[in-house]
Amino acid sequence: GGYLGVPYTLDESTSSNNITFMERAAPQQVAVGIGGGTRSAFGVTASDKRWWAGAFLTGPAYGTTSGRPQAAVTGRAVFLPVLTDNASLLIGGSAQYLFQPPAGNVLRLRDRIELRIDGSRILDTGNIANVNNATVLSAELAGTLGSFHFQGEYFDFSVERTAGSDLDFKGGYIQAGYILTGEKRNYSSSS
């Protein structure tokens, strides 16, 4: 427990030293902003060589000083049906439930580019008022074969409102790469 990086989603759980691109995928960043990322949290994890599972109760993000803190629960589980020296295949999923929206029951789903010259956002819903709760479900798939690697995630966002229409958003990404110098991206069962 404490202020920590909540291991929610595949892209967030991958070290910034090992991600394919300089920025994490926008739909993943939006999902993490609801109840993941670096924030106050208490949770449990369990793992073995071929699986990992974790669940966390999360509170306000680091640096939040005013208003009613948002609170959520997150969970993630992954399984590796293939794990050899030359190949791996990871199948997993995550779930998140925001049960206490921020002050004023207003939620804003957004992401910005990594290089922040100004306050521009590449993705922004604006303020969503009258939020009762929000749910994010995701599925993930990743694998390696020698120096080739790929990963992808799909996200389904649902926002339930006390007044007005409920909202649904979907997003995802897929990426792949090949390391020309022959190194491999290995799966770390401990992290």
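# Salt bridges, sheet order and packing in a predicted model

User: Asp156 forms a salt bridge with which residue?

Analyst: In this predicted model, the closest N and O atoms of the salt bridge made by Asp156 are 3.3 Å apart, and the partner is Lys170. Asp156 lies in strand β9 (residues 148-161) and its partner in strand β10 (residues 167-178), so the pair ties together parts that are 14 residues apart in sequence. Asp156 is partly exposed, with a relative accessible area of 22%, whereas the partner counts as exposed at 55% relative accessibility. The residue asked for is Lys170.

User: How many salt bridges does the structure hold, and which side chain meets that of Arg76 in a salt bridge?

Analyst: The structure holds two salt bridges, and in the one made by Arg76 the N to O distance is 2.6 Å, with Glu140 as the partner. Arg76 belongs to strand β4 (residues 71-83) and Glu140 to strand β8 (residues 131-145), so this pair ties together parts that are 64 residues apart in sequence. The number is two, and the partner of Arg76 is Glu140.

User: Is Glu140 buried or exposed?

Analyst: The cut-off for a buried residue is a relative accessible area under 20%, and Glu140 has a value of 4%. Its salt-bridge partner Arg76 counts as buried too, at 9% relative accessibility. Glu140 is therefore buried.

User: In what order do the eight strands of the open sheet stand, and which strands are at its edges?

Analyst: The pairing in this open sheet is antiparallel, and the order of the eight strands is β1-β2-β3-β4-β5-β8-β9-β10. Two of these strands have a single partner strand each, so one side of each is left without a neighbour in the sheet. From one strand to the next, the twist averages 20°. The order is thus β1-β2-β3-β4-β5-β8-β9-β10, and the edge strands are β1 (2-6) and β10.

User: Which residue of β4 is the bridge partner of Gly54?

Analyst: Strand β3 (residues 51-61) and β4 run antiparallel and are joined by eight bridges. The residue that Gly54 pairs with in β4 also has a side chain that meets Glu140 in a salt bridge. That bridge partner is Arg76.

User: Which helix packs on the sheet, touching β2, β3, β4, β5, β8, β9 and β10?

Analyst: The chain has two helices and 10 strands, and its elements run β-α-α-β-β-β-β-β-β-β-β-β from the N terminus on. The helix in question spans residues 26-35, and its direction makes about 50° with that of β9. The helix is α2.

User: The backbone oxygen of which residue lies 3.1 Å from a polar atom of the side chain of Ser147?

Analyst: Ser147 lies in the loop between β8 and β9 and is buried, with a relative accessible area of 8%. Leaving aside its neighbours within four places in sequence, Ser147 is in contact with Gly177, Tyr178, Ile179, Gly182 and Glu183. The backbone oxygen at 3.1 Å is that of Glu183.

User: What is the radius of gyration of the chain?

Analyst: For 191 residues the globule rule gives 16 Å, and the computed value is close to this, so the chain is as compact as a globular protein of that length. Along its principal axes the C-alpha trace spans about 55 × 35 × 30 Å, and buried residues make up 36% of the chain. The radius of gyration is 17 Å.

Terms used: Residues are numbered from 1 along each chain as its sequence is written. This is a predicted model: local features need pLDDT of at least 70, side-chain atom pairs count only at pLDDT 80 or more; totals for chains, interfaces and linings use all residues. Side-chain values use heavy atoms; hydrogens and water are left out. A salt bridge is a side-chain nitrogen of Lys or Arg within 4 Å of a carboxyl oxygen of Asp or Glu. Helices (H or I, at least four residues) and strands (E, at least two) are DSSP runs, numbered from the N terminus. Buried means under 20% relative accessible area, exposed over 50%, partly exposed in between (1.4 Å probe, protein chains only). Two strands pair if DSSP finds at least two bridges between them. Axes are lines fitted to C-alpha atoms, for helices over the stretch in contact, and angles run from 0 to 180 degrees between N-to-C directions. Contact means heavy atoms within 4.5 Å. A polar contact is a pair of N or O atoms within 3.5 Å; within protein, one must be able to donate a hydrogen and the other to accept it, and residues adjacent in sequence count only if both atoms are side-chain atoms. The radius of gyration is taken over C-alpha atoms; the globule rule is 2.2 Å times the number of residues to the power 0.38.
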